[in-house]
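Hi everyone, thanks for coming. I'd like to walk you through a structure that's probably new to you, so have a look at it first.

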Amino acid sequence: MTSPGWSQVASRLWDVIVIGGGNAALVSALSARDEGAEVLLIERSDVIFRGGNSRHTRNIRCVHGDDSEWNTGAYTGEELWKDLCGIGTGPSNEALARLTVEASQSAPEWMYAHGGRFQPPLAGTLHLGRTNTFFLGGGKALINSYYRSAEAAGIHVRYETKVTGFEFDQNRCTGLLVEAEGGAHRLQAKNIVVAAGGFEANIEWLRRYWGDAALNYHIRGPRTNDGSVLANLLEAGAHSAGEERGFHSVAVDARSPKYDGGIATRVDSIPMGLVLNKNAERFYDEGEDIWPKRYAIWGKNIALQPDQIAYAIWDSQVQGMFLPPMYGTFSGPSVADVAGQLGIDPDQAATTVAEFNRHTAPDARARFDPSGYDGVSAASQPPKSNWALPVDTAPFYGIPLRPGITFTYMGVQVDSQARVQRVDGPAFDNVFAAGEIMSGNILSTGYLAGFGMAIGTVWGRIAGKEAALNDRT
Amino acid sequence: MIAHSVTTKRGGQDGFRDAKRQLDICNSCRYCAGYCPVWPALERRTDLTPGDVTHLANLCHDCRDCYLACMYTPPHEFGVNPPQTFAEERTATYHRFIWPAARIRQSAVLATVIAVVAMAVILVGLALLVTRGNALGTSDGSPYSVIQHGLLIVLVGAPAVYAVVVILAAILRYWRFTSGSVRELFHGQAWMSAIGQAVTLKHQSGGAEQGCTYPDDRPRQQRRVFHEFVMLGFLLTFFSTASAAFSQYVMSALPPYPVVSVPVITGTIGGIGQVVGCAGLLLLKRRSERGQTTPVMWRADFSFLWALVVLNLTGLLVLFVRDTPVFPWLLIVHLACVIVTFSVAPYTKFVHFVFRVLAIYQNVLETRAPVSPA
């Protein structure tokens with residue numbers, strides 16, 4: 001049965017319909033509303049789980065001066081640009097990436113004006129305190145504030161509404177098919193903003209590019225991020241952007257749930273210890289960089305190992321120098337003992353660790369400094385560039401790791417007005433995109449902590465405003 | 001050895017195990033660090049003991065901000081619910097440290113009413129006995145014409161002393177459980193700071209001075225304001241009593257005191273303040289989310305607030321009718337309320353502030369010492 005609400009919603013010609021309920025969607029809706037548009041926002045999830053991946057975020061990386069109340073120092077546009085170029089293979093589309101960096105500067109002020117609140121950097125993330133601005137209470141609290149502002153501004157929000165298809169007349173979207181409350185409806189809007197996220201929770205889609213390895217990935221956000229809206233757009237002729245294998249992923253605890261484990265399941269012991277694969281061998285320089293600048297590489301590192309599993313091992317010298325894993329740790333008097341508990345070959349694990357220890361510097365303990373790159377390296381195979389203490393002081397600790405995918409990069413191509421581009425011919429007349437669904441225009445392979453929220457905020461503002469002003473008569 | 005497994009179910013009998021399970025998730029997340037001191041205090045404790053959980057629960061001001069911000073609340077399989085977990089733990093605190101061990105009664109309303117009535121009957125009998133039948137006919141506005149001075153001191157003083165002794169013992173037992181060293185209880189400066197934080201309800205600010213997200217999903221100052229009415233009102237009535245004693249024993253001025261006098265003015269303002277504050281808190285509580293507390297705490301909150309309303313209303317009425325013939329009767333009702341209140345105070349939500357202030361004090365001690373990683 002259709003509720004009266006839905007028949008009203010379906011009978012109106014909306015100025016802007018925003019598809020999605022996370023950061024980019026809300027920023028789009030609020031921005032469109034600021035321009036006077038009548039806005040409908042449709043969110044796939046219910047109220048409690050609303051917000052997509054944004055509910056798991058905690059900070060945003062924006063350009064700022066040294067007068068920022070919430071940061072420990074200035075972060076210039078040149079520096080953010082350099083950081084962006086330093087990850088993976090650099091930005092996909094240089095012009096759009098530069099635009100993102102420049103526009104990020106005014107994001108925090110906009111956020112504050114729309115209800116967002118900030119807090120000093122969290123303990124354990126102090127190294128991010130200069131570059132990133134932390135949300136008071138994290139991403140869900142930010143999203144809650146945005147929903148409150150949306151309600152106060154007169155934006156209509158519909159939950160548990162799933163888009164099933166788009167209707168197009170040449171370049172123009174003329175109708176939006178949705179399912180809600182058990183019924184199917186056709187909605188109409190002058191303009192559509194698509195901010196519906198990536199396809200990371202769609203294991204079958206991931207499998208196209210990753211094969212059966214994808215079966216072992218954990219998805220850090222909700223299972224609703226199945227990319228169905230992205231698929232609809234690509235089918236309708238939208239030009240794709242970004243690497244199909246591109247994603248942001250981190251190492252998560254292998255004991256964590258398949259979906260929606262969020263921040264609590266990620267592991268940050270890696271730089272302070274060693275990581276073994278299922279053959280009890282090391283495979284990558286654990287001390288290459290401190291997380292979180294390079295933490296994004298560990299999701300992929302583990303994804304490329306046999307059975308997509310790995311094991312972090314450390315000893316009592318570094319215990320307590322990183323956030324405690326939420327599922328606790330396996331511990332024992334020897335590396336072999338811990339390895340046995342983890343289910344890998346104890347003798348091989350002991351050999352691997354002993355071999356590593358043989359290559360550590362005699363004065364490693366004296367020079368070891370967890371607060372920065374200490375250059376205490378081990379010329380082992382593979383080497384460890386920093387924090388290379390011998391792992392030799394009982395008790396020993398270990399936990400199993402899996403790749404945890406945060407979001408996928410491949411999305412739709414946009415221009416500088418966030419208009420979705422077509423494969424053949426010009427852009428769609430009235431379809432705009434913001435957030436993860438267009439992040440592939442900017443990110444290629446690597447990731448910078450907090451930059452997803454910057455993309456969502458910057459492009460939400462552009463998409464919302466452009467949609468509100470498009471074809472206005 | 002594996003530390004523990006994360007299950008989706010609550011810990012059942014073993015409250016500590018489930019509290020630890022939830023708080024270990026919180027310690028891996030830490031998003032709430034900006035809301036209140038509970039979360040930074042948790043960060044300083046990476047291997048939780050039962051004493052830690054007790055401390056954190058009593059440091060919690062029950063503002064619900066963390067619940068609204070948390071992406072792991074039910075029905076998420078992690079089932080994180082700090083306000084409820086802490087409410088459970090606070091109930092356990094009151095049970096564990098108040099002698100004799102008595103649970104906060106789920107519904108002691110009837111028993112309390114019976115006690116008040118019984119006490120009133122006893123008072124009437126005593127008053128008549130001592131004044132040879134004249135007590136209830138007088139209306140000169142002096143309480144001592146109704147209940148003889150010495151008798152009044154004994155009747156009210158005995159339960160008051162009892163309550164103070166029980167609470168002092170609870171303080172020592174609580175402190176040994178959460179902190180260990182009794183010597184640490186005597187840092188003057190830390191006490192100043194802790195009492196300042198308690199009196200201003202600093203930790204109900206919601207982190208950005210927007211107030212608590214209570215009773216619905218919107219930050220407001222209402223709860224903090226109403227709670228201030230109750231607290232400051234209570235302190236004013238306490239001050240009123242002390243100033244009356246001062247007038248009597250030092251200035252040799254016996255009651256009734258004139259309308260423009262310190263005892264009457266402070267008592268009146270304090271009484272009205274408490275009634276207004278309690279009424280506000282009751283209204284807010286009715287709208288609050290029951291799933292974020294426990295049934296026991298829910299009832300304890302309601303009965304405590306209602307008891308304060310009755311206590312203060314009868315006190316105000318005594319003042320307003322002191323020149324009328326009903327004065328002796330209302331005075332007896334009020335005195336019965338006071339005596340019963342003092343007797344049962346240690347077993348009601350009244351004691352929450354004792355442990356809350358101790359927890360704030362402990363937090364002050366921790367945060368002014370140089371922070372060492374756990």
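I'll start with the contact between chains and then turn to some salt bridges.

One thing before we go on: this is a predicted model.

Okay, so how many residues does each chain put into the contact? Chain B brings 37 residues and chain A brings 39. Put together, the area buried between chain B and chain A comes to about 3000 Å², and carbon and sulfur atoms account for 56% of that.

What about charges across that interface? The rule picks up 1 salt bridge between chain B and chain A. It pairs Arg218(B) with Glu151(A), and their closest N and O atoms sit 3.8 Å apart. There are also 14 residue pairs in polar contact across the interface, counting pairs with both residues at pLDDT 80 or more.

Now, which elements of chain B give two or more residues to the side that touches chain A? Those are α1 (15-29) and α4 (65-69) of chain B. Of these, α1(B) gives the most, with 5 residues. If you sort that side of chain B by class, you get 21 nonpolar, 10 polar and 6 charged residues.

Let's step back to the whole structure. Over all chains, the search turns up 32 salt bridges. As a bit of background, side chains of opposite charge can pair when their charged atoms come close. I'll show you a few examples.

In chain A, Asp253(A) and Arg255(A) meet in a salt bridge at 2.8 Å, N to O. Asp253(A) is buried, with a relative accessible area of 1%, whereas Arg255(A) is partly exposed at 23%.

Over in chain B, Glu209(B) forms a salt bridge with Arg224(B), with the closest N and O atoms 3.6 Å apart. Glu209(B) lies in the loop between α9 (188-199) and β1 (212-213), and Arg224(B) is in helix α10 (residues 222-249), 15 residues apart. Buried or exposed? Glu209(B) is exposed, with a relative accessible area of 55%, while Arg224(B) counts as buried at 17%.

Next, Lys349(B) and Asp301(B) meet at 2.5 Å, N to O, in another salt bridge. Lys349(B) is in the loop between α13 (327-344) and α14 (352-368), and Asp301(B) is in helix α12 (residues 295-320), so this pair ties together parts of chain B that are 48 residues apart in sequence. Both Lys349(B) and Asp301(B) are buried.

And to finish, a network: salt bridges link Arg44(B), Arg45(B), Asp52(B) and Glu366(B).

Notes. Residues are numbered from 1 along each chain as its sequence is written. Chains are lettered from A and ligands numbered from 1 in the order in which they are written. This is a predicted model: local features need pLDDT of at least 70, side-chain atom pairs count only at pLDDT 80 or more; totals for chains, interfaces and linings use all residues. Side-chain values use heavy atoms; hydrogens and water are left out. Contact means heavy atoms within 4.5 Å. Buried area is the accessible area (1.4 Å probe) that two parts lose on being put together, summed over both. A salt bridge is a side-chain nitrogen of Lys or Arg within 4 Å of a carboxyl oxygen of Asp or Glu. A polar contact is a pair of N or O atoms within 3.5 Å; within protein, one must be able to donate a hydrogen and the other to accept it, and residues adjacent in sequence count only if both atoms are side-chain atoms. Helices (H or I, at least four residues) and strands (E, at least two) are DSSP runs, numbered from the N terminus. Ala, Val, Leu, Ile, Met, Phe, Trp, Tyr, Cys and Pro count as nonpolar, Asp, Glu, Lys and Arg as charged, and the others, Gly among them, as polar. Buried means under 20% relative accessible area, exposed over 50%, partly exposed in between (1.4 Å probe, protein chains only).
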